[in-house]
Amino acid sequence: MEFLTNEKLVIVGAAGMIGSNMAQTAMMMHLTPNICLYDPYAPALEGVAEELYHCAFEGVNLTYTSDIKEALTGAKYIVSSGGAARKAGMTREDLLKGNAQIAEQFGKDVRTYCPDCKHIVVIFNPADITGLITLLYSGLKPSQVTTLAALDSTRLQNELVKQLHLPASEIVNCRTYGGHGEQMAVYASTTTVDGKPLTEIIGTEALPEKEWEELKVRVIQGGKHIIDLRGRSSFQSPAYLSIEMIAAAMGGKPFTWPAGCYVNDDRFHHIMMAMETTITADGVSYREPKGTPAEQAELEESYKHLCTLRDEVIEMGVLPPVDKWHDLNPNID
């Protein structure tokens, strides 16, 4: 059995629905034979491990533990869904305080037990902020920490599939940028439909302007819709996409959907947000998206929203002031 790597992958929050699906997906994709499941809730964790053992995956050395030191020691890759889940009536931002504190401890644990970790994918909400906190406290480089953002872009693709009655393969380069939350920038200018720019279809009978605006709202509220339908937050799609991200970091196929990454440039400062990214074995690289003036204005608003959340975390005392970040993590400018 061939694997991408033999190095240790840790799934944090493995007792939950996202975490258990991540573990199964990682084994099905043959990422590594060395997988460790971690969750503080031992009974459910053991149940997940037992089920995965019953799958009889060939060549996989699956371990599990509720001891964070045991879990992280020697880890080279980590995917963490280890925060509180979003429930009906909640926004991602409602999870800020509790999950910010979880991210702080997680980052400190990485620094203590696996400072040589190569890549971390953070997916617990609000992911832009929890990822930022993890990066700062872990001591890792900005290229080594990413957050789940692709789910918004895949939801945009799916809404266009339903609206235009075309297969997803014909709707290319769907993109949302900025925050993975209630205020994101949904772009039309990046997308082509059967080779034709989406911007030329918006305003026609196939996609009237009003219906496009309504479609954008459905994209933004895609997670809420899943909760309304299933009575619980998404778990299959975030599990799969996050494992695709870590697979790319392990040296697999590059991940080219947008990911959240650390951004500090002439336009956006000291923030984690979704950009036009590529994840490879060298980590994540990004470039700023180009769009229409209206799209760029939406991106600015999303950035301002993220800055407000970041500043709330600073006021909580979870993060130090921005000018002290380099002292906390020398890899941060």
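**View 1. Salt bridges across the predicted model, with the pair Glu104 and Lys108 in close-up.** In this predicted model, a search of the whole structure finds twelve salt bridges, and one of them joins the side chains of Glu104 and Lys108, with a distance of 2.9 Å from N to O. Both residues belong to helix α4, which runs over residues 96-113, and because they stand four residues apart in that helix, about one helical turn separates them. In general, an α-helix has 3.6 residues a turn, so residues three or four places apart point the same way. The two partners have their own degrees of exposure: Glu104 is buried, at a relative accessible area of 17%, whereas Lys108 is partly exposed, at 33%.

**View 2. A salt bridge between two strands, formed by Glu276 and Arg175.** The side chains of Glu276 and Arg175 meet in a salt bridge of 2.9 Å, N to O. This pair links distant parts of the chain, since Glu276 lies in strand β13 (residues 271-280) and Arg175 in strand β8 (residues 175-178), with their positions 101 residues apart in sequence. Glu276 is buried, with a relative accessible area of 12%, and Arg175 also counts as buried, at 6% relative accessibility.

**View 3. Helix α8 and its salt bridge between Lys224 and Asp228.** Within helix α8, which covers residues 222-230, Lys224 and Asp228 are four residues apart, and therefore about one helical turn separates them. Their side chains meet in a salt bridge with an N to O distance of 2.9 Å. Lys224 counts as partly exposed, at 40% relative accessibility, while Asp228 is exposed, as is Leu229, on the other side of α8 from its buried residues.

**View 4. The buried face of helix α8 and the helices beside it.** The buried residues of α8 are Gly222, Gly223 and Ile227. Seen down the axis of α8, these buried residues fall within an arc of 145°, so they line one face of the helix. They pack against α6 and α7. Just after α8, the chain reaches Gly231, which takes a positive phi of about 80°.

**View 5. The second largest pocket and the residues that line it.** This pocket has a volume of about 350 Å³ and a lining of 19 residues, of which Arg155, Asn158, Gly222, His225 and Ile226 lie nearest its centre. Four helices, α6 (150-164), α7 (209-220), α8 and α9 (236-249), each supply at least two residues of the lining. By residue type, the lining divides into four nonpolar, eight polar and seven charged residues.

**View 6. A network of salt bridges that links Glu159, Lys162 and Arg218.** Here the charged groups are not confined to a single pair, for Glu159, Lys162 and Arg218 are linked in a network of salt bridges. In general, side chains of opposite charge can pair when their charged atoms come close.

**View 7. The surroundings of Ser138 in helix α5.** Ser138 is found in helix α5, which spans residues 127-138, and at 3% relative accessibility Ser138 counts as buried. Leaving aside its neighbours within four places in sequence, Ser138 is in contact with Gly107, Val110 and Arg111. The C-alpha atom of Ser138 is separated by 42 Å from that of Pro197, a residue 59 places away along the chain.

Definitions and conventions:
Residues are numbered from 1 along each chain as its sequence is written. This is a predicted model: local features need pLDDT of at least 70, side-chain atom pairs count only at pLDDT 80 or more; totals for chains, interfaces and linings use all residues. Side-chain values use heavy atoms; hydrogens and water are left out. A salt bridge is a side-chain nitrogen of Lys or Arg within 4 Å of a carboxyl oxygen of Asp or Glu. Buried means under 20% relative accessible area, exposed over 50%, partly exposed in between (1.4 Å probe, protein chains only). On a 1 Å grid over the protein atoms alone, a cavity is a set of points where a 1.4 Å probe fits but cannot get out, and a pocket is an open set with protein on both sides within 12 Å along at least five of seven lines; lining residues have an atom within 4 Å of a point. Grid points are joined across faces, edges and corners, and a volume is the space filled by probe spheres set on the points. Ala, Val, Leu, Ile, Met, Phe, Trp, Tyr, Cys and Pro count as nonpolar, Asp, Glu, Lys and Arg as charged, and the others, Gly among them, as polar. The arc is that of the directions from the helix axis to the C-beta atoms. Contact means heavy atoms within 4.5 Å.
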